[in-house]
Amino acid sequence: MKRLLSSLSRSLFALVFCGVLALGLGGCVSTGLPVAASSPWQPVDIHTKSNPLDLAFSDSRHGFLVGSNRLILETDDGGASWQERALELPAEENFRLISIDFSGDEGWIAGQPGLLLHSTDAGQSWSRLFLDTKLPGEPYLITALGRNRAELATNVGAIYRTDDGGTSWQADVSDAAGAVRDLRRGPDGQYVSVSSLGNFFATWNPGEAIWTPHQRVSSQRVQAMGFQPGGELWMVTRGAQLRFNPDAANPEDWSKPVIPITNGFGYLDLAWDPSGQLWTGGGSGTLLVSADGGKSWQKDPVGAQQPTNFSRIAFSADGKGFVLGERGSLLRWVG
């Protein structure tokens, strides 16, 4: 009888808890999710315990992956397999290669501390470009824009552009926005950054002299932000909450929070796959997918088997996709 009453009490509490959440969030937050019957992801062994941080391709099959501890790997089969490569860098310096991008055969790598590499032969050789010691902050994000052209953003929000292969750089924004924990570039050259403490975010559009700061939407600190396929913003906050901006022209307008699952682990990234499904990933192998814009979610069975924290989900325009995790974890999209 006591066990029956205890079970009924738990059920009643769950109903009341769900009702309260429904009033505040527009729906019930589930503590458990169904597992998808199959997975479009395939684990790839990259034979390292370093953290992969970024990847880019010079054509449909050839590309590079970079990461912590000077990690650089090369693929010639679209990312199905990777081989270790070496860079001519001082052996005593332990660089963190944080960003890579290609425009055809021209490639760029940004690393910390103070590292910028340039290639004109699809990465077969790399030359080091020495940055001005007065550069605000450390290199954070590099974007290849065409022949001899690239854009470099630093971890304090300075944005510089070169039109001569990195010989000289001109400041688009030299007035730093402050230390950032996350910074993304949109399809039209706009940027969004999250402050190091996650207590506010800032936006910048080409032609503007300074960043525009914005207060966070709720008491939950912001973890990461980026751009939806249509140019609107998305936001991941502490407490495993997702929010979506319905109007790209108004970064103050946000949806109610979406909380796919309360499993104690937060989310670190968000992305849309080629079919339009929404993916989010985070701590302890959390990899979730929604086919209806975030209304319902499923666990990915392959992601759940990976002993890692997923830090980035990346899809390219030609349909390639990867999930990057800690300690050498990499998943490849096979559709």
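Two strands count as paired if DSSP finds at least two bridges between them. The strands themselves are DSSP runs (E, at least two residues), numbered from the N terminus. With that in hand, let's walk through the model.

This is a predicted model, in which local features need pLDDT of at least 70 and side-chain atom pairs count only at pLDDT 80 or more, while totals for chains, interfaces and linings use all residues. Residues are numbered from 1 along each chain as its sequence is written, and side-chain values use heavy atoms, with hydrogens and water left out.

**How far to trust it**

pLDDT is the predictor's confidence in each residue, from 0 to 100. The protein has a mean pLDDT of 90, and 90% of its residues reach 70 or more. Residues 1-31 are another matter: pLDDT is below 50 there, and this stretch has 15 contacts in the model beyond near neighbours in sequence (contact means heavy atoms within 4.5 Å). Where pLDDT is low, the predicted coordinates should not be read in detail.

**Strands 3, 4 and 5**

Strand 3 (residues 63-67) runs antiparallel to strand 4, and four bridges join them. One of the matches is Val66 with its bridge partner Ile72 in strand 4. The hairpin of these two strands has four residues in between, and Asn69 takes a positive phi near 55 degrees there.

Strand 4 also pairs with strand 5 (residues 83-84), again in the antiparallel sense, over two bridges. Here Glu74 stands opposite Gln83 of strand 5. As for side chains, Ile72 and Glu74 point one way from strand 4 (residues 72-75), Leu73 and Thr75 point the other way, and all are buried. Buried means under 20% relative accessible area, exposed means over 50%, and partly exposed is in between (1.4 Å probe, protein chains only).

**A four-strand sheet**

Further along there's an open sheet of four strands in the order 14-15-16-17, with antiparallel pairing. Strand 14 (180-185) and strand 17 (212-215) stand at the edges with a single partner strand each, so one side of each is left without a neighbour in the sheet. Neighbouring strands of this sheet are turned by 20 degrees against each other on average, direction ignored (the axes are lines fitted to C-alpha atoms, and angles run from 0 to 180 degrees between N-to-C directions). In the middle, four bridges hold strand 15 (residues 191-195) to strand 16 (residues 200-204) in the antiparallel sense, and Val192 has Thr203 of strand 16 as its bridge partner.

**Three polar side chains**

A polar contact is a pair of N or O atoms within 3.5 Å; within protein, one must be able to donate a hydrogen and the other to accept it, and residues adjacent in sequence count only if both atoms are side-chain atoms. The table lists four of these.

| Side chain | Reaches | Distance |
|---|---|---|
| Thr162 | backbone nitrogen of Gly166 | 3.0 Å |
| Ser119 | backbone nitrogen of Gly123 | 2.9 Å |
| Asp292 | side chain of Ser290 | 2.8 Å |
| Asp292 | side chain of Ser296 | 2.5 Å |

Thr162 lies in strand 12 (residues 159-162) and is buried, with a relative accessible area of 0%. Leaving out residues up to four places away in sequence, Thr162 touches several others, including Trp108, Asn148 and Trp169.

Ser119 sits in strand 8 (residues 115-119) and is buried too, at 1% relative accessible area. With the sequence neighbours up to four places away set aside, Ser119 touches Asp105, Glu106, Gly107, Gln124, Ser125 and Trp126.

Asp292 is found in the loop between strand 23 (287-290) and strand 24 (298-299), and is partly exposed, with a relative accessible area of 33%.

**Aromatic pairs**

A pair of aromatic rings is described by the distance of the centres and the angle of the planes. Rings of Phe, Tyr and Trp (its six-membered ring) pair if their centres lie within 6.5 Å; planes under 30 degrees apart count as stacked, over 60 as edge-to-face and the rest as tilted. By this rule the count comes to 16 aromatic pairs.

Trp41 and Trp279 form an edge-to-face pair, 5.5 Å centre to centre with 85 degrees between the planes. Trp41 lies in strand 1 (residues 41-43) and Trp279 in strand 22 (residues 278-282), so the pair ties together parts 238 residues apart in sequence. Trp41 is buried at 3% relative accessible area, and Trp279 is buried at 1%.

The rings of Phe201 and Trp254 have centres 6.1 Å apart and planes at 85 degrees, so this pair is edge-to-face. Phe201 is in strand 16 and Trp254 in the loop between strand 20 (241-244) and strand 21 (267-272), 53 residues apart. Phe201 and Trp254 are both buried. Finally, ring pairs link Trp41, Trp279, Phe315 and Trp333 into a cluster.
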